Amino acid sequence: MPDVTLTTLQSLKHNGEKIAMLTCYDATFSQAASQAGVDVLLVGDSLGMVLLGHDSTLPVSVADMAYHTAAVKRGNQGALIISDLPFMAYATTEQALANSAALMQAGAHMVKLEGAAWLAEPIRLLAERGVPVCAHLGLTPQAVNILGGYKVQGRQEAQARQMRADAMALEQAGAAMLLLECVPSELAAEISQAVKIPVIGIGAGAATDGQVLVLHDMLGLSLSGRAPKFVRNFMDGQPSIADALNAYVRAVKDGSFPAAEHGFSA
């Protein structure tokens, strides 16, 4: 059992204290990030891009995710570990159950699924069977071909209304956490207030219950050389990676990150 649990995260939300989450893919960074006070380590399918050099997350397999989840578990010093179910790994409820079991057995404490209200049934079944779920709304990278690229989601009123309804439906189904990616700051604030479960943002403004960044982005590493608008390079002015990790946790906890320039308007 990690030192940080779902109860811990729920208490942080209740008390208005921010949650610091960071992606992580190996034992060394797992140890460093958890020792720096990162509350949640996300073994993201972003590893397909930042570790494997793919142009999207779509080629990532369940075996890839289980391998890296096990590595993160071995280095972890008390953070809660969330692992992504990769593309088409939960297209049916049978797949969702089997592949979630594989990631939990590898060391995850929670799994993350991308989608909308259609996730309600797999979330309900997983929660009933002891698998906590984080639901990912907004820009969902696995659906990049449907979305037409990496674009801010929820700017139109109908889209925003649907996202609010989806968030409520997924909480009702048993989701233990929400992640909002590239969502207008005002909409993210409304959703964070509307649900009782913790809401983590990435490119979703400062009013969510916590923040997540891709590890390599916050360390100033990018294959493309272009960091997304919502990223801050925490290596700037820091003598070591450990100091950068500490600076990230401090900035999330004291509310200085994200600043207004890291968010999006409707």
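The following exercises, each with a worked solution, concern a predicted model.

**Exercise 1. Strand β3 and its neighbours**

Determine how many residues of strand β3 are buried, and which strands pair with β3.

*Solution.*
Step 1. Strand β3 covers residues 80-84, and 5 of its 5 residues are buried.
Step 2. The side chains are then sorted by direction: Leu80, Ile82 and Asp84 point one way from the strand, while Ile81 and Ser83 point the other way.
Step 3. On one pairing, strand β2 (residues 40-43) is joined to β3 by 4 bridges, and the two run parallel. Within this pairing, Val40 has Leu80 as its bridge partner.
Step 4. Strand β4 (residues 110-114) also pairs with β3 in the parallel sense, over 3 bridges. Here Met110 is the bridge partner of Ile82.
Step 5. Between β3 and β4 the chain passes through helix α5 (residues 93-106), and this β-α-β crossover is right-handed.

**Exercise 2. The buried face of helix α6**

Identify the buried residues of helix α6 and explain why they are said to line one face of the helix.

*Solution.*
Step 1. Helix α6 spans residues 120-128, and its buried residues are Pro122, Ile123, Leu125 and Leu126.
Step 2. Viewed down the axis of α6, these buried residues fall within an arc of 165 degrees, so they line one face.
Step 3. A general rule helps in reading this pattern: an α-helix has 3.6 residues a turn, so residues three or four places apart point the same way.
Step 4. The packing partners of the buried residues of α6 are α5, β4, β5 (133-138) and α8.
Step 5. After the helix comes Gly130, with a positive phi near 85 degrees.

**Exercise 3. The setting of Ala175**

Decide whether Ala175 is buried or exposed, and state which residues Ala175 touches.

*Solution.*
Step 1. Ala175 is found in the loop between α8 (157-173) and β6 (177-181).
Step 2. The relative accessible area of Ala175 is 4%. Buried means under 20%, so Ala175 is buried.
Step 3. Setting aside residues up to four places away in sequence, Ala175 touches Ile123, Val133, Ala135, Leu170 and Ile197. Ile123 is also one of the buried residues of α6.
Step 4. Met218 is 43 residues from Ala175 in sequence, and their C-alpha atoms are 28 Å apart.

**Exercise 4. The nonpolar core and its aromatic rings**

State which residues touch the most other members of the largest nonpolar core, and classify the ring pairs that involve Phe257 with Phe234 and with Tyr248.

*Solution.*
Step 1. The largest nonpolar core has 85 residues; those touching the most other members are Met21, Ile82, Leu178, Leu213, Met218, Phe234 and Tyr248. Helix α11 (residues 241-254) gives the largest share of this core, 7 residues.
Step 2. For Leu178, contacts beyond four places in sequence include Cys134, Ala167, Ile191 and Pro198.
Step 3. The structure holds 4 aromatic pairs. In one of them, the rings of Phe234 and Phe257 have centres 5.4 Å apart and planes at 85 degrees, so this pair is edge-to-face.
Step 4. Phe234 lies in the loop between α10 (215-218) and α11, and Phe257 in the segment after α11, so the pair ties together parts 23 residues apart in sequence.
Step 5. The rings of Tyr248 and Phe257 have centres 6.3 Å apart and planes at 55 degrees, so this pair is tilted.
Step 6. Ring pairs thus link Phe234, Tyr248 and Phe257 into a cluster. Phe234 is buried at 2% relative accessibility, Phe257 at 2% and Tyr248 at 0%.

How values were computed:
Residues are numbered from 1 along each chain as its sequence is written. This is a predicted model: local features need pLDDT of at least 70, side-chain atom pairs count only at pLDDT 80 or more; totals for chains, interfaces and linings use all residues. Side-chain values use heavy atoms; hydrogens and water are left out. Buried means under 20% relative accessible area, exposed over 50%, partly exposed in between (1.4 Å probe, protein chains only). Two strands pair if DSSP finds at least two bridges between them. A crossover is right-handed if, with the strands pointing away from the viewer, the path from the first strand over the helix to the second runs clockwise. Contact means heavy atoms within 4.5 Å. A nonpolar core is a set of buried Ala, Val, Leu, Ile, Met, Phe, Trp, Tyr and Cys residues joined through side-chain atoms within 4.5 Å. Rings of Phe, Tyr and Trp (its six-membered ring) pair if their centres lie within 6.5 Å; planes under 30 degrees apart count as stacked, over 60 as edge-to-face and the rest as tilted. The arc is that of the directions from the helix axis to the C-beta atoms.
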